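Please open the model in your viewer and keep the sequence at hand, since this tour moves from one selection to the next and says what to look for at each stop.

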Amino acid sequence: VMTAGTVNVTYVQLLRTQQKIATDMASKAAAATLVRTESEDDAVASALSVAAAHRVGALPFQVAADRVEFGHSSETANGNFNFVVGALPFNSARVISELGSGNPGEASAVGLFFERLGYAPYQRTVSSISTFVINDIVLCLDRSGSMKFDMSGNTWTYPTDNPHVELPYRDYLVDSTSDTG
């Protein structure tokens, strides 16, 4: 009985880990597909496909399509994110998985030794939210050289003794301002 208890506890920990990984990966797949395609249907299909690719309790993991939800997450003052289902614009996907719930489309119950002694079957619900944040990055390159004016007020004059201007460029600047061209 002690050995069976030890094996059951270890197996339950394995199931918890496998279920959490499968749920996390399904929500990440849904969010990544949503940001790429902007299609909720494609995001749900991606989540279900990724969940089915994982095994929980040696069986392919299943998540019901209605347990994939979309909404908006925003950062709170303490650095956490607050998820609101259905809020626009969508930037998050939540996947809720149930193990042993008996619901259609969900992963089936997992048999443990203590169920034979009258204990309830193992059941667990896990939720995972993936949020994508789009950041705009702007890079401005000034190739004209106008940022190196000497601020003397004279148009197109450059300081000839500027140590930050490389020699070939300095020669060009001196030549370009002469009237011999």
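Begin by selecting Glu 98, which at 14% relative accessibility counts as buried, because the limit for that word is under 20%. Keep in mind throughout that this is a predicted model. Glu 98 belongs to strand S5, which covers residues 92-99. Now add Arg 67 to the selection and show both side chains, and you will find a polar contact of 2.6 Å joining Arg 67 and Glu 98. The two residues also form a salt bridge, in which the closest N and O atoms are 2.6 Å apart. Arg 67 sits in the loop between strand S2 (59-60) and S3, while Glu 98 is in strand S5, so this pair ties together parts that are 31 residues apart in sequence. Unlike its buried partner, Arg 67 is partly exposed, with a relative accessible area of 22%.

How many salt bridges does a search of the whole structure find? The search finds three, and the next one to select is the pair of Glu 69 and Arg 94, whose closest N and O atoms are 2.6 Å apart. This pair, too, links distant parts of the chain, with Glu 69 in strand S3 and Arg 94 in strand S5, 25 residues apart. Glu 69 is buried, its relative accessible area being 19%.

For another salt bridge, move to helix H1 (residues 2-37) and select Lys 20 and Asp 24, which both lie in this helix, four residues apart, or about one turn. Here the closest N and O atoms are 3.2 Å apart. Both partners are partly exposed, Lys 20 with a relative accessible area of 32% and Asp 24 with one of 29%. As a general point, side chains of opposite charge can pair when their charged atoms come close.

Next, switch to a cartoon view and select the strands S4, S3, S5 and S6, which in that order form an open sheet with antiparallel pairing. S4 and strand S6 (124-131) stand at the edges with a single partner strand each, so one side of each has no neighbour in the sheet. From one strand to the next, the twist averages 35°.

Within this sheet, look at strand S3 (residues 68-75) beside S5, where the two run antiparallel and are joined by four bridges. To find one position in that pairing, select Gly 71, which stands opposite Ser 92 in S5. Then turn to strand S4 (residues 81-85), which pairs with S3 in the antiparallel sense over five bridges. Two positions are useful to mark here: Ser 74 stands opposite Asn 82 in S4, and the bridge partner of Ser 73 in S4 is Phe 83. Follow the chain through the hairpin of S3 and S4, which has five residues between the strands, and stop at Gly 79, which takes a positive phi near 95°.

Now bring the helices back into view, and ask which strands H1 lies across. H1 lies across S3, S5 and S6, and runs at about 30° to S6. Helix H2 lies across S3 and S5, running at about 105° to S3.

With helices and strands both displayed, select the largest nonpolar core, which has 21 residues. Those with the most contacts inside this core are Ala 30, Phe 61, Val 68 and Phe 70. H1, helix H2 (40-53), S3 and S5 each supply at least two of its residues, and H1 gives the most, with seven.

For the last stop, select Gly 57, which has its place in the loop between strand S1 (55-56) and S2. Is Gly 57 buried or exposed? Gly 57 is buried, with a relative accessible area of 16%. Leaving aside residues up to four places away in sequence, Gly 57 touches Tyr 11, Leu 15 and Gln 18. If you draw a line between the C-alpha atoms of Gly 57 and Tyr 11, it should show a separation of 8.4 Å, although these residues are 46 residues apart along the chain.

How values were computed
Residues numbered from 1 in each chain as written. Predicted model: local features only at pLDDT ≥ 70, side-chain atom pairs only at ≥ 80, totals over all residues. Heavy atoms only, no water. Polar contact = N/O pair within 3.5 Å; in protein donor to acceptor, adjacent residues only side chain to side chain. Pairing = 2+ DSSP bridges. Salt bridge = Lys/Arg side-chain N within 4 Å of Asp/Glu carboxyl O. Buried < 20%, exposed > 50% of the residue type's maximum accessible area, 1.4 Å probe, protein only. Core = buried A, V, L, I, M, F, W, Y, C linked by side-chain atoms within 4.5 Å. Axes fitted to C-alpha atoms, helices over the stretch in contact; angles between N-to-C directions. Contact = heavy atoms within 4.5 Å.
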